[in-house]
Amino acid sequence: MRKIGFAGLGAAVVLATACSDYLTGGELSTDPNRPTTATTAQLFVGVEAGTWALLQSDMARVTGMWAQQLLGTNLQYVDIYNYGVSEDVTNGFQAGLYTGGALVDVRKVESQASSANDTLFHGIALVMEALIMGTGADLFGNLTYKEALTGIQNPQLDPQMSIYDSVQTLLSRAIVEMQASGPTNIGPESADLAYGGDPALWTLLAHTLKARFLMHTAKLRPTVYPQVVTEASKGISDPADNFNAVFSGNANEQNFWYQFAIVQRPGYIAPNPQFVTLLQQRNDPRLHTYFNADLTDLNPALLAPNATQPLVTANEDLLLWAEAAERTGDNATALAKLNQARALAGLPPESGSLSGQALLAEILIEEYIADFQNIEAWNLYLRTCTPNLVPVVAGSIVPARFLYDASERNTNSNIPPPTQQPARNQNDPASTTSDATGQKCLGQ
Amino acid sequence: MPLSQLRWCGASCLVALLTRVAPLAAQGATVTGHVTNVAGQPLPGVTVSITGMGLGSITRDDGLYTFTVPAARVTGQVATLNARRVGYSPQNVPITLSAGTITHDFVMTQTAAQLSEVIVTGAGTSQVRERVGSVINTVDSTTLKRATQPQNVISSLAGTTPNVRVRTQSGEPGASAFVLIRGATSVTGTNQPLIVVDNIPIDNTTQATNGGDASTVAQNRAADINPNDIESVQILKGAAAASIYGARAANGVILITTKKGSNGPTRYNISSTQTFDHVVKTFPLQMLYGQGSNGLPGGCSTPDCNASSLTWGPLLAPTAPVFDHGTEIYDTGLTNDIALNVSGGTQRTQFFLSGGVTDQYGIMEGPNNRYFRNTFRLSASHQLLNTLTFGGNFSYFNTTGKFVQKGSNTSGLLLGALRTPPDFNNQPYLSSTSELQRSYRFPNPTSASLTTSRGYDNPFFTLANVGNKSNLGRFLGNLSANWVPVSWLAINETFGADNYSDQRLEALPFTSSSDPVGNVTRLDINNLEVDQNLTGTISYAVNKYLDTRIVLGQNLNSRRNQQVFVFGDQLIAPEPLAIQNTVSYTPTEFNSLQHILAYFAQVEADYNNELHGTVGLRDDGFSTFGQSDRTALYPKADVAWTFTRYLNNGAPQNRWRWLSNARLRAAYGETGREPPVYATITALSTTSTFGSGFGDVIGSKQSGQGGVVTGSNLGNNDLKPERNREAEFGFDFGFQDQTSDLSVTYYNKKSSDVILPSPVNAAANGASTALLNGATVTNKGWEMQFNARVYTAKNWDASIGGNWSRNTGKVVSLINGIQFIPYNTEGFTGAIGSSTVGFAPGVIRGQDFIRCGLGQTATLPGVGTMANVDSACGAGAQKNALYIAGTNNRPVVNPDEQVIADPNPRWTGGLNAIVHYKRLQITTLFDIRRGAQVWNGTRSALDRFGTAEETTIRSDTAGIFGKNVLGNQAVAGPGAGKVAFRTPSDWQNWYTTTGGSASPVQSQFVENGNFTKWRELSITYTLDDPWVRNKLGFSQALIRLGGRNLHTWTPYKGLDPETNLGGAEFLTQGIDFFQNPEVRSFILSITLNR
């Protein structure tokens, strides 16, 4: 009788001692709902999706309003259009450079590609890193980069110009790495929804991005124009090679402009009269490719759930080339590239007599029009004061940078409060005159 | 021997028969008798036993006890027969044990203080109440049984116990009950206590299928238990009492003990209860003005036209037919409850078998608000050896429900019903031509409108929706072994499991306003909790004064939860409401596993029955704790000093007689709350989306390519459990031979390391949030409880009791200087639940108007930006006066968000009375709550739509702020006292903008939620006359007439300040937004005992 009891007690003790790892292992230590590893290709799909959101969602709309191509017509968008932004309104823009789908995952792609000796994939990831950080520098100026993703408390902000320099280094390295051939250089293949992993196309993109971000430094460093010409000449020149965001149109895979203007917030944005007038005056056929027939909204073709969204284009490359050529005195190349871009837009060539200031003005206006729905329109305005916009709020300047995220400022003592943040970024001292017209710049 | 043979036997045969029977009789003694109270009523549940022999029985509902003493132990000796019951003075009588039947009847007198009862103290331990140094409240089965409606054990605790605040979501069948013990300690989660049934922790989750704001009501899972199976409920409130449950006990523990069989003849008990429910109050609606805007009619008559959503139309002709849309959707609800118990046993083997059926038809029109519960239970024990007893307890519950869409939902019942203009007839709800839904905003549907929104659904269409159902099967059981190898050692092992499978369907048919193309949601939840608890108890008497007891224990626990959620978008055919009948469907899955390995030790010492102390320690290992510290220690200590024993030692016998018992107690303990599952893990995500807060987002998967990204929430491997440190002090006094008693307790609790989602630097971490231990919350308060037998005479007995409590909760700090965290799923923009520094968790944030005397600066009409409000108000302005200005003489919106309502009560109380007269028993209970604010969002919306009764003020041609608009408030500023409203259009303009639900200022709809509810009145008559047995074959019949929620006294303007938009899935209470009201019930119950 007593034996049964002791056996029971003994069993319980065994049960207790056998459970030294009762608290770890299996579904106790790994989350059955979320993966902890992913293939390089799967991470890359996420990076592309994240980058499209970065370049196309709220950032493109807000800069489009500030560049006066769009009008904010309801609630928060009226405020933002009238320069009413606080660090809470734009909260999340800055963090989005680093979080899932952006830098943190680009770095994972790079690290996994290195381990696999896939220099093609590594090079492509470097291009994405350059695109993300270069865009970040455009928007915020000084940013955490060297100490990014180190887990360091209060990471340092690096000067904006040093980030642009890093971007050039990344792209140069990428171009070299993508040329290398070898059995392990597989790249993303079909996981790359933009280019199908084609190294030639990524190389074109890398050159165009070099031209873009060099140009963003040109106000401080006028000596970069010849480099812009060199890079642009190796960049995207055929619209078939454009770097595009593609959308299947299925749920969670829909064009942002469709989602915003049709589904989520109809009536929040409208064509800006300034821009409409410009297109009408120039008799530009894009008036009706950009906007609908009665000029009350975007063109329905741009508002399709599966509409392809260009992010870096042949037009941009050709016009950067033209601008840089003109600024270095090469009128002929400038005119040729302008006309090449005009042809892509369905416009007749400009006459051969166009040169100097007039040619530059034409190139810059053409860039402004071609960059519709793209952050580059606002960047162009900031560096050239073209067109010479009248601020929508009298006495204000057109916003020239984004405030750091409130959440990033609250968690990093190196980020000053909004009132102590500069109005303009280092690369972009206020223009005194408009590069196109030579007249006094009104909005800077 | 067959009877037929008996006849042929002669006397010799009879003698032979007797001699064969006689040894049987000589085998033992049968001890039997009746136990009654002073009023002569039979007393069930009295333990009658022979001291020192371990033999005895428990009386049944007819007060009868019977047990046998084995012959071997019957030696003609004198033994002590002892009768004990909670709430009564124990009695001892000497009896002579000799063969045959020994009859002894007891008449028990009630005592108020119940110090000698043995109470369950958790994790397999129990203790005499007198020796426990912390407060443990007990609610017995009779109290629970009286509170039949609404069949939810948690609801039935309302008003019974201090600082156990119960709030039932609504009067709907299957609505959940929220319970908060001594305040919220955590700034996330719902702060619900741990529920333990017969030593096995069970799941009490409340999970709405599609979010608590909208969707339908969802039951809190403890309500699956059949209340008729419950013997008693003990509530461990403070950290000292609950410390034995460690990191699961931060919000207290509710210990449920089920009924067991006992030695004696087999007993049968059947009861049938009918409950009739009806709506207490409907929302006051106006019947004077019709649909439309600015006094013009707003209806329409062309096919598929859209009519005005507003009821700011013309004054209706006196002859025009009008409809009260608040009342037409309700009828009388009926609940049938049948319970059957069979129990009995022998000296070694006892059993208890029960079955119950509860079938509730709710108060809403139609068959689609129902709750049905079927339960079966077998509890049995067998004494295998004199030292070893095995027991088992198996129950099965089947719960099904049909629900009605509610809340913040354009397809919800009251939202559409109460917005309907009085001149619109909601019947028929289907168009006679197209057979499609018609509503006041879409009155003439053609067949082309199959997928067109109706604006708001016709309430009768909502009631006819058959697509909202649940079906749950649940097993709950345990096996136990109790081994007492030697008198000083007892070893107890309990192994139990709680397993349920809950299948939900929620669907919206075509034309539903919130999704006109229709949808179907399936949710399958599987939950399994397995628990093993081993204790060893060593008792040792050091000397004749000092008794000690040491308890060592081990606990293993495993919880697995699996959920599959499938959302089917867009119906194909109108029927069936099934996933395969949708155009596309998206499944999501959730799985989790959590383990606990804990050890505990407790040392108890008692000196001379006068001074008692306990120290304990639990070492908790949880799989959910961060890797850096996988275990946590929870100490406790308590001491109780019965100083009347000290005083009475040597004092003249009657000097302290008025104070029959006095006890001081002090306790300190710690408890915790474990982190959410998998919060320590940094993982990748397949469901992240990118885009903006405006809703334009894309996923990480694109164009058929599976994408994976880093999750936005950083895993925290240093995550620790939240920790409560609580001290409590109190006294228990018994007066005048225990005929009355008073208990008072003060407690002070500090919760630190409280877990909250906190922003982290994205640039440094690649993620923007992490769960961190950071916040600090305090709760302190007072609790009082008293009972008094105010009158006792032959046939008469009356007693009263009451409780009072207050709890003051405060979020001392959050993290990194953050001042508040919003609960985005609990409430609305403008009235959102939150934890805000300086307030108790769960306060509502929103905006107010500019007020004088508060040092505000604001943009003021006619003054300019950043103006000093106080100087604009002028010197004579009262503090808090509304600043009135502008061309319309209106108040000015203050854009700064602040706390606008605190739904936490200042104090709560309960008052009960029991009167016995002969066979008649009358009991009553009042439940009182003071100082809990409610945001009346229903009124806010109905003011805007113009259907609220108070919008009849539109005929007033001199509306003045502070007078007849936002009345009884001081006003100041240039517009103070000036007429702001002259025409109905002025009024409409106000209520549809700043004065109604479109307004950012929702503070104007925050109301006083004080109430006193006459919770219960119960009249029971016991029939146990001989004819009952002779004619009916039963020993006893009880007939009960009862009422629940008979009357509510409240200044609240809405339906009921007690109900809430969300049930127990919300921490934020005090949100009134188109949820159903509480019901008043009348109960008729018949119980037959045999």
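The following dialogue concerns a predicted model and two of its regions.

Biologist: How are residues and chains labelled, and which pLDDT limits apply?
Modeller: Residues are numbered from 1 along each chain as its sequence is written, and chains are lettered from A and ligands numbered from 1 in the order in which they are written. In this predicted model, totals for chains, interfaces and linings use all residues, whereas side-chain atom pairs count only at pLDDT 80 or more and local features need pLDDT of at least 70.

Biologist: Which helix gives the most to the largest nonpolar core?
Modeller: A nonpolar core is a set of buried Ala, Val, Leu, Ile, Met, Phe, Trp, Tyr and Cys residues joined through C-beta atoms within 7 Å; buried means that 20 or more other C-beta atoms, placed from the backbone, lie within 10 Å of a residue's own. The largest such core has 146 residues, and Y98(A), V127(A), L205(A) and V228(A) touch the most other members. With 14 residues, the greatest contribution comes from chain A, residues 119-140, helix α7.

Biologist: Along strand β45 of chain B, which residues point to one face and are buried?
Modeller: Strands are DSSP runs (E, at least two residues), numbered from the N terminus. In a regular strand the side chains alternate between the two faces of the sheet. In β45 (residues 857-860), T857(B) and T859(B) point to one face and are not buried, while those on the other, buried, are A858(B) and L860(B).

Biologist: Which residue of β46(B) stands opposite T857(B)?
Modeller: Two strands pair if DSSP finds at least two bridges between them. Strands β45(B) and β46(B) pair in the antiparallel sense over three bridges. Opposite T857(B) stands N868(B).

Conventions:
Buried ≥ 20, exposed ≤ 12 C-beta atoms within 10 Å, placed from the backbone. Helix = DSSP H or I, 4+ residues; strand = E, 2+ residues; numbered from the N terminus.
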